[in-house]
Amino acid sequence: MTMGDHRSESLWLAITGGVMAGVAPAAAGPVTLIPSLALLWGLVDRPRFAALWGLLAVLVSHRWILALHPLTWMGVPPLLSLPIAIAIWLICGLAAAGLLAIWSSAARWCLASQPHQREQPAFTSVLMLALIWGLIEVGLARGPLFWLGVGGSLLPLDPVLAGLSRWIGSGGLAAVMIIFGWGLHDLWRQRLSLRRVLIWLGALLLAHGLGAVALSRVPSAQADLALAAWQPVIPTREKFSVEQQQRLPQNLQRALVQAHALDAQALVAPEGTLPSDWQGAVAGQQIPLLSGGFRRDDGGLRSSVLLLAPEAPRPLPLIDKHRLVPLGESLPPLPPGLARGLSAVGGLMPGEASRLQTGFSEPAAVAICYEISDGRSLAKAVAQGGQWLLTIANLDPYPDLLQRQFLALAQLRAMEVGRDLFSVANTGPTAVVDATGRVQQLLLSGEEGVAAAMIQMRQGLTGYARWSELPLLMLLTTGVVQRIVSRRGS
């Protein structure tokens, strides 16, 4: 094979694998994910082609970003709206490309100590590279961008295999998928034999069996909490209009009446429902309201979960949003006019990193919007006493694709820590996810209404809630030390 043919083959491997990886989240799952990772292993020591794989994977999986256009309601000129949306989309893709190039460079280092095995690395190298990938995904989930990585791409198609996350989290789950991709690549590149096929299939079945065992061990339920969810379906582009603000008190009063009729102990409203100048309870309010909203604090604006009790003079802040969307919520120092043109709220202040709230009912781990991707922070809140999970969001104007990806992450979060999760969003998903990952859809996407559900309070910790990524870090450290000692000895 000539050099040109080899480059052409690598190009098609990168394109095909990247697109297959991009359609996996909340859709094809492991059906396309594992083959796409097998194709990536064919490019493992070629950073440029690995970067192309990562670029396409994120551009396909995050194509909903283009729904930001039009941005004219935020003061962006019409001619700049689409270019800005495309630029944000490309920045996310380029960030993934850079990360894949770094990972591929790490693969070169791993393979450098075993030149006789460059075509097919030893399992110790594969394990190290898989652990590096998984830990990077965990780190990205704590950063400013919304990342839906390999670890979150199994759901909703394969909840049994995703059950491994109860012990090793989404980072460990990502590492397992990387290893299975290498195993499939090994079958493809080496001479296909019955023995190799049986080993790979046996490992896949064993992983599913362990996942099923993990899911069967559900932390014990202590009490129930009856909650109602209000899905208001208020278009974000009209949210701050005078008409919408004038209708809000009446609509909220109607939702509270419906929730009380459903015997709910409280009504939950989505992210950003209450404006910062909201004063006092709703007329005739009989049950507490847990609502996303804004509040003024230290001269700045925060996005929070607020508790409004009947006859209360003002909302009580329970927890503030910590991870802010770049530009949309978090802004660098800018003139007021320019800041308003980039952010509908003119910029927010971040809250404390802790995701544990203790001001309403039993303690809960809370995720506001895309904080749902950060499993580590929610697991820490559960370890500190959280007995259930609450997430509120506003995913408008994005399409149903993002709602499905969000719900898949909610499933993974519930499975990791063995807690029931209550999700309330402006246009969806509004649902309950139990501790085993089963989803009960309360309202259809885009359907305005109120629905009630029972949430079980649970105690007891899963392996991931206890140890977080510590087992992965210890395993990776052992592998690195062993590799350094081996290289020095040779």
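Okay, to start: which residues does Gln-411 touch, if we don't count those up to four places away in sequence? Keep in mind that this is a predicted model. Gln-411 is found in helix α13, residues 400-417, and its partners are Leu-155, Pro-156, Val-433, Gly-437 and Val-439. And is Gln-411 buried or exposed? Its relative accessibility is 6%, and buried means under 20%, so Gln-411 counts as buried.

Now, the sheet. We have an open one with six strands, in the order β6-β7-β8-β9-β10-β11, and the pairing is mixed. At the edges stand β6, 356-357, and β11, 439-443; each has a single partner strand, so one side of each has no neighbour in the sheet. Further in, β9 (residues 421-425) and β10 (residues 430-433) run antiparallel, joined by three bridges. Take Phe-422: its bridge partner in β10 is Val-432. Then there's helix α12, residues 375-383, which lies across β6, β7 and β8 and runs at about 160 degrees to β7.

Last stop, helix α6, residues 123-141. Its 19 residues reach 27 Å from first C-alpha to last, close to the 27 Å expected. The buried residues of α6 include Met-128, Leu-129, Trp-133 and Leu-135.

So what does α6 pack with? Helix α8, residues 165-189: the two axes come within 8 Å and cross at roughly 140 degrees, and the crossing is right-handed. On the α6 side, the contact residues include Phe-123, Leu-127, Trp-133 and Glu-137; from α8 you get Gly-171, Ala-174, Ala-175, Ile-178, Ile-179 and Trp-182. By type, the residues of that contact divide into 12 nonpolar, two polar and one charged.

Technical notes: Residues numbered from 1 in each chain as written. Predicted model: local features only at pLDDT ≥ 70, side-chain atom pairs only at ≥ 80, totals over all residues. Heavy atoms only, no water. Helix = DSSP H or I, 4+ residues; strand = E, 2+ residues; numbered from the N terminus. Expected span 1.5 Å × (residues − 1). Buried < 20%, exposed > 50% of the residue type's maximum accessible area, 1.4 Å probe, protein only. Axes fitted to C-alpha atoms, helices over the stretch in contact; angles between N-to-C directions. Left-handed = near helix turned anticlockwise from the far one by under 90°. Contact = heavy atoms within 4.5 Å. Nonpolar A, V, L, I, M, F, W, Y, C, P; charged D, E, K, R; others polar. Pairing = 2+ DSSP bridges.
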